[in-house]
Amino acid sequence: MNGQEELVALVESHLEKLSLEIGPRPVGSANNKKAQAYIASIFAACGLNVSTQSYPCLDWQYISCGLWCAGSTLPVRPNPFSPACDLTAPFVPLDTIGKLEQSSLCDKIALVCGELSGQLKNDNTQARRLLDLLVEKEPLAVIAVAENSANHKLIIGDGSFPLPSASIPQASCNVLLAYKDHMVNLRIEADLTESEAANIIGERQSAAPKIVVCAHLDTKYVSPGAIDNASGVAALLALAQEPGFQLVALDGEEYSHFHGLGAYSDADPEWENIVCAVNLDGIGVRGEKTRLAAYGCSQEVLGRLGAVLGRHPEIVHSEAWVQNNCKFFAKRGVPSFALRSCETGELVNSLIHTKGDEPYLLSPGSIAATVRFLLDLRQAFCQTVGSGRLGC
Ligand SMILES: [Zn+2]
């Protein structure tokens with residue numbers, strides 16, 4: 001591995017390339033393909049075998065969106081992957097599942113608000129059932145209240161919802177509710193075309209014990225995605241010179257309908273050779289320590305992890321949070337560790353998934369420290385597993 005200064009400079013150059021030069025790289029987009037090509041080129045230049053796991057997705061090119069009611073122009077954002085529309089129709093406010101079940105939405109626009117919009121924020125079976133019900137009722141379009149529509153936290157924008165849909169702030173909803181009997185005009189100009197997403201995998205020698213390191217390469221629309229997740233990809237790329245890792249740049253994490261882990265498992269990852277898996281997502285925030293949570297670990301694995309953490313005070317062991325990639329590995333019997341920056345402040349949280357997620361928020365030195373931690377982890381997990389030597 002390079003000296004500390006070289007490592008920091010390397011991390012910096014990857015951050016710059018991904019979040020400044022390429023910029024927003026949502027799944028299916030031309031920029032997403034540029035990021036894939038960059039990652040593959042770094043892997044190849046470091047002598048790794050590079051493989052590509054492609055799968056179909058959509059490319060959504062957004063042009064404009066507008067919402068009008070009773071002469072007022074209201075703030076609105078299209079949900080990602082919404083088809084285009086230009087509609088003038090009455091709307092039906094729906095704040096409970098009961099109202100949704102009873103209403104007839106044919107030739108109308110559904111306005112999802114109150115309790116019901118809250119239920120669309122988590123990707124769970126109840127929310128999926130709600131979306132199915134909305135589709136069944138065949139409204140012309142769906143407008144949903146999202147407190148922070150910039151973050152597009154509603155799962156309605158994950159690529160699986162077939163109807164035109166947009167998010168509005170509560171204030172716009174209040175205006176609409178005051179004009180209940182008026183028509184509303186919703187116009188979304190956007191192009192949806194078939195595209196391809198791809199995970200890019202780099203490894204030195206496939207049939208050898210290895211630590212799988214994952215970081216997602218895609219971003220939300222508009223966001224340069226420095227913290228989320230050029231930070232993780234930069235660490236991943238900095239490991240490309242090292243043996244003992246399978247480096248997995250995952251695609252499609254920001255929009256769950258196009259998630260890359262399915263393609264990863266379809267490609268037969270040789271589970272028996274995976275010693276442990278690490279997921280890097282949102283590391284290296286300036287002024288923050290890094291949090292690590294463990295999933296599916298035996299006492300023995302935790303003991304070994306504890307010894308490594310003891311040498312890296314910049315990384316703190318924390319309670320597990322919901323981390324789907326780690327759950328995916330743990331479910332298959334692979335101990336898994338998630339790394340991300342400690343509880344970030346309100347400023348940082350308000351910038352993630354927006355235009356404001358820029359490299360100045362990051363400390364390349366802290367990302368380099370995570371790289372060093374992973375090298376140490378390899379030492380602890382690849383040299384001896386159980387009683388047998390694996391020597392990777
Ligand atoms: Zn992320």
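Here is a short friendly note on this predicted model, going from the whole chain to one helix and then to its salt bridges.

1. **The chain as a whole.** A good place to start is the overall build: the chain has twelve helices and 16 strands. Its radius of gyration is 23 Å, close to the 21 Å that the globule rule gives for 392 residues, so the chain is as compact as a globular protein of that length. Along the principal axes, the C-alpha atoms fill a box of roughly 75 × 40 × 35 Å.

2. **Inside and outside.** Of the 392 residues in the chain, 57% are buried. The surface that the chain exposes comes to about 16,000 Å², and carbon and sulfur atoms supply 50% of that area.

3. **Contacts along the sequence.** If we take the contacts in the chain with a separation of 6 or more, 81% of them are between residues 24 or more positions apart.

4. **Helix H5, its length.** Now do look at helix H5, which runs through residues 125-136 and has twelve residues. From the first C-alpha to the last, H5 reaches 16 Å, close to the 16 Å expected at 1.5 Å a residue.

5. **Helix H5, its two sides.** Which residues of H5 are buried? They are Ala127, Leu130, Leu131, Leu133 and Leu134. These residues cover an arc of only 160° around the axis, and so they sit on the same side of H5. Thr125 and Glu136, on the other side of H5, are exposed.

6. **Helix H5, its neighbours.** What do the buried residues of H5 pack against? Their partners are strands E4, E5 (109-112) and E6 (141-145), together with helices H3 (97-102) and H4 (114-118). Just after H5 comes Glu138, which takes a positive phi of about 50°.

7. **Salt bridges in general.** Side chains of opposite charge can pair when their charged atoms come close. This structure holds nine salt bridges, and the points below visit some of them.

8. **Arg187 and Asp86.** These two form a salt bridge, with the closest N and O atoms 3.5 Å apart. The pair links distant parts of the chain, since Arg187 belongs to strand E8 (residues 183-203) and Asp86 to strand E4 (residues 85-94), 101 residues apart. Are the two partners buried or exposed? Arg187 has a relative accessible area of 36% and is partly exposed, while Asp86, at 53% relative accessibility, counts as exposed.

9. **Asp95 and Lys99.** In this salt bridge the closest N and O atoms are 2.9 Å apart. Asp95 counts as partly exposed at 28% relative accessibility, and Lys99 counts as partly exposed at 41%.

10. **Arg378 and Glu242.** Here the closest N and O atoms of the salt bridge are 3.0 Å apart. Arg378 lies in helix H12 (residues 364-382), and Glu242 lies in the loop between helix H7 (226-238) and strand E10 (245-250), so the pair ties together parts that are 136 residues apart in sequence. Arg378 and Glu242 are both buried.

11. **A small network.** Which residues are linked in a network of salt bridges? They are Glu203, Lys210 and Glu270, and they make a nice last stop when you explore the model.

Definitions and conventions:
Residues are numbered from 1 along each chain as its sequence is written. This is a predicted model: local features need pLDDT of at least 70, side-chain atom pairs count only at pLDDT 80 or more; totals for chains, interfaces and linings use all residues. Side-chain values use heavy atoms; hydrogens and water are left out. A salt bridge is a side-chain nitrogen of Lys or Arg within 4 Å of a carboxyl oxygen of Asp or Glu. Helices (H or I, at least four residues) and strands (E, at least two) are DSSP runs, numbered from the N terminus. Buried means under 20% relative accessible area, exposed over 50%, partly exposed in between (1.4 Å probe, protein chains only). The expected span of a helix is 1.5 Å times one less than its number of residues. The arc is that of the directions from the helix axis to the C-beta atoms. Contact means heavy atoms within 4.5 Å. The radius of gyration is taken over C-alpha atoms; the globule rule is 2.2 Å times the number of residues to the power 0.38. Accessible areas come from the Shrake-Rupley method with a 1.4 Å probe; for residues, only the protein chains shown count as cover.
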